[in-house]
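Biologist: Could you take me slowly through one part of this model, the place where the two chains meet, and then follow the charged pairs outward from there? I would like a connected account rather than a list.

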Amino acid sequence: VRPFTYERATDAAGAVKAAAATPNAKFLAGGTNLLDLMKLEIEHPAHLIDVGRLPMAQVEDTPDGGLRIGAMATNSHVAADARVRSRYPVLTQAIVAGGSGQLRNKATTGGNLLQRTRCAYFYDTTKPCNKRQPGSGCGALEGLNRNSAIFGASHACIATHPSDMAVALAALDARIETLSPSGEARAFPIIELHRLPGETPDVETHLIPGELITAVVLPPPPKGGQAYRKVRDRASYSAGLASVAVVGGAVALGAVAHKPWRAVEAESALAAGASPAEAIAAELKAASDNGRNGFKINLVSRLVPAAVEEARQQGRGE
Amino acid sequence: LKTTITVNGEARELDVDPRTTLLDALRETLGLTGTKKGCDHGQCGACTVLVNGVRINSCLSLAVMHDGDAVTTIEGVGTVGKLSAIQQAFLTEDAFQCGYCTPGQICSALGMLQEVADNWPSQETGDLTAQIRLTDDELRERMSGNICRCSAYPQIVAAIKSVAGELA
């Protein structure tokens, strides 16, 4: 690990001020992803601003019947929250499908959203990777790309976003609240947080440098059932090959794109009365096969109808 | 950086490079070598300790992040002369071969049993609103962050079940 300086922030305003004042600074929350990447010398911040103890760990009711989840709430606490379990079960299911008990106890809501890809070429510093080292090329394009993106990839990058939690949040139409270095607060839909790779896969979000995620806000639970399904190589503690969150008529896919993927084509087809299988077939018209990841297309075509049926059954039971 | 961490009930003052993980601080600075370094990347669980009663991977945490925290390591769970119930259960059930993962397995199991007592769900939990019972499937799922390369898993499950009491 390369040397860095460390400070602990006492309030959010101080944290963003420190980030703006220090070159190559990073926020440190749970650290489960960032510290791992620093050991591998994939991340090398000069300064860490520890935001882990900022008073943003609460889950609170909002006046309109939704929930505000503080960015420092751990994954375990959010998954175990009684209101999340009864009103947003898809979120609990997605969170407990990710990582291990130890990791979920440390990982935060904000940090989970900003975790980096698990692409093997991003992790291997002896291989080219435009995300790790812009301009070096993409080793995955013609390499071992079994777990690469089938939607929205570019010739510069075919990595996927690994979060389970973010897939449920995308289907729930969650909003992200942030504080910018100038002290300005803003809020936007989660689907506008992450970017597609394009020519600059190293730029993964629309956050401005030094902007801090302070909360995730859930709207009141929509009508209809909810379901989360994940397929992976092991029964537990493994990144997904594909996952899907269904919330009423909303469908979001995980591990298939550079960001949580709202399946808007499938959603409109469902709304127009198509069967779940027809609906996901419409979405998959835009899917691409890079050689070894083509099986994901088949996987998604079966996974989504199963999840839609499960959600509909849940919805009928309400 | 000066940091005070209460380790196994005793306040310890450290002055460490910010790069020092909690794991290295425990092992190298404080000489508590019961906590093991396996993969050093959060994948194996050998470094699991309890921080304020909650299990975490000590390899993926900086010592300076834990100023004021209370850490329990395997040395705080029991001693050779006075084993805790779960340590005795691992012996009785023959729940290890080489023993390298055992301190992490035991600390993880203690944290896991508290999570079940607090009714935290896992991906094996069917009804998210009911009281959770620690079935074998629940137990295996909840312990998936701890790898045993000697593959003593059936005995580890038996050992943990034998101290789970009314949770199972």
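Modeller: What follows starts at the contact between the chains, moves on to the salt bridges, and ends with a histidine and a sheet in chain A.

Please keep in mind throughout that this is a predicted model. At the interface, 38 residues of chain B are in contact with 39 residues of chain A, and the area buried between chain B and chain A comes to about 3000 Å², with carbon and sulfur atoms giving 56% of that area. Three residues, B:Leu60, B:Met65 and B:Leu128, supply 22% of the area that chain B buries against chain A, which is more than any other three residues.

Polar and charged groups take part in this interface as well. Between chain B and chain A there are 22 residue pairs in polar contact, counting pairs with both residues at pLDDT 80 or more. As for where the side of chain B that touches chain A comes from, the elements that give two or more residues to that side are β4 (54-57) and α4 (102-117) of chain B, and β4(B) provides the largest share, four residues. Sorted by class, that side of chain B holds 14 nonpolar, 17 polar and seven charged residues.

Across the interface of chain B and chain A, the rule finds two salt bridges. One salt bridge between the chains joins A:Lys39 to B:Asp40, with the closest N and O atoms 2.9 Å apart. In general, side chains of opposite charge can pair when their charged atoms come close. Over all chains, a search of the whole structure finds 25 salt bridges, and several of those within chain B are worth a careful look.

Let me begin with the two chain B elements named above, β4 and α4. B:Glu115 forms a salt bridge with B:Arg55, the closest N and O atoms being 2.8 Å apart. Because B:Glu115 lies in helix α4 of chain B and B:Arg55 in strand β4 of chain B, this pair ties together parts that are 60 residues apart in sequence. Both partners are buried: B:Glu115 has a relative accessible area of 8%, and B:Arg55 has a relative accessible area of 1%.

Another salt bridge in chain B has its partners in exposed positions. B:Asp15 forms a salt bridge with B:Lys2, where the closest N and O atoms are 3.5 Å apart. This pair links distant parts of the chain, since B:Asp15 belongs to strand β2 (residues 10-15) of chain B and B:Lys2 to strand β1 (residues 2-7) of chain B, 13 residues apart. B:Asp15 is exposed, at a relative accessible area of 56%, and B:Lys2 also counts as exposed, at 70% relative accessibility.

A further salt bridge in chain B lies within a single helix. The side chains of B:Arg142 and B:Glu138 meet at 2.7 Å, N to O, and both residues lie in helix α5 (residues 136-142) of chain B, four residues apart, about one turn of the helix. B:Arg142 is buried, with a relative accessible area of 5%, and B:Glu138 counts as buried at 5% relative accessibility.

In chain A, the charged residues A:Lys26, A:Glu43, A:Arg116, A:Lys131 and A:Glu204 are linked in a network of salt bridges.

The histidine I mentioned is A:His161, which lies in the loop between α8 (120-123) and α9 (165-171) of chain A. A:His161 is buried, with a relative accessible area of 8%. The side chain of A:His161 makes a polar contact with the side chain of A:His194 at 3.3 Å, and a polar atom of the A:His161 side chain lies 3.4 Å from the backbone nitrogen of A:Ser163. Leaving aside residues up to four places away in sequence, A:His161 touches several others, among them A:Asn112, A:Leu113, A:Gln115, A:Ala255 and A:His258.

Finally, the sheet in chain A is an open one of four strands, in the order β9-β10-β11-β12, with antiparallel pairing. Its edge strands are β9 (226-232) and β12 (261-262) of chain A, each of which pairs on one side only. Strand β11 (residues 250-254) of chain A pairs with β12(A) in the antiparallel sense over two bridges, and A:Ala252 has A:Arg262 in β12(A) as its bridge partner.

Terms used. Residues numbered from 1 in each chain as written. Chains lettered and ligands numbered in written order. Heavy atoms only, no water. Contact = heavy atoms within 4.5 Å. Buried area = accessible area lost by both parts, 1.4 Å probe. Salt bridge = Lys/Arg side-chain N within 4 Å of Asp/Glu carboxyl O. Polar contact = N/O pair within 3.5 Å; in protein donor to acceptor, adjacent residues only side chain to side chain. Nonpolar A, V, L, I, M, F, W, Y, C, P; charged D, E, K, R; others polar. Buried < 20%, exposed > 50% of the residue type's maximum accessible area, 1.4 Å probe, protein only. Pairing = 2+ DSSP bridges.
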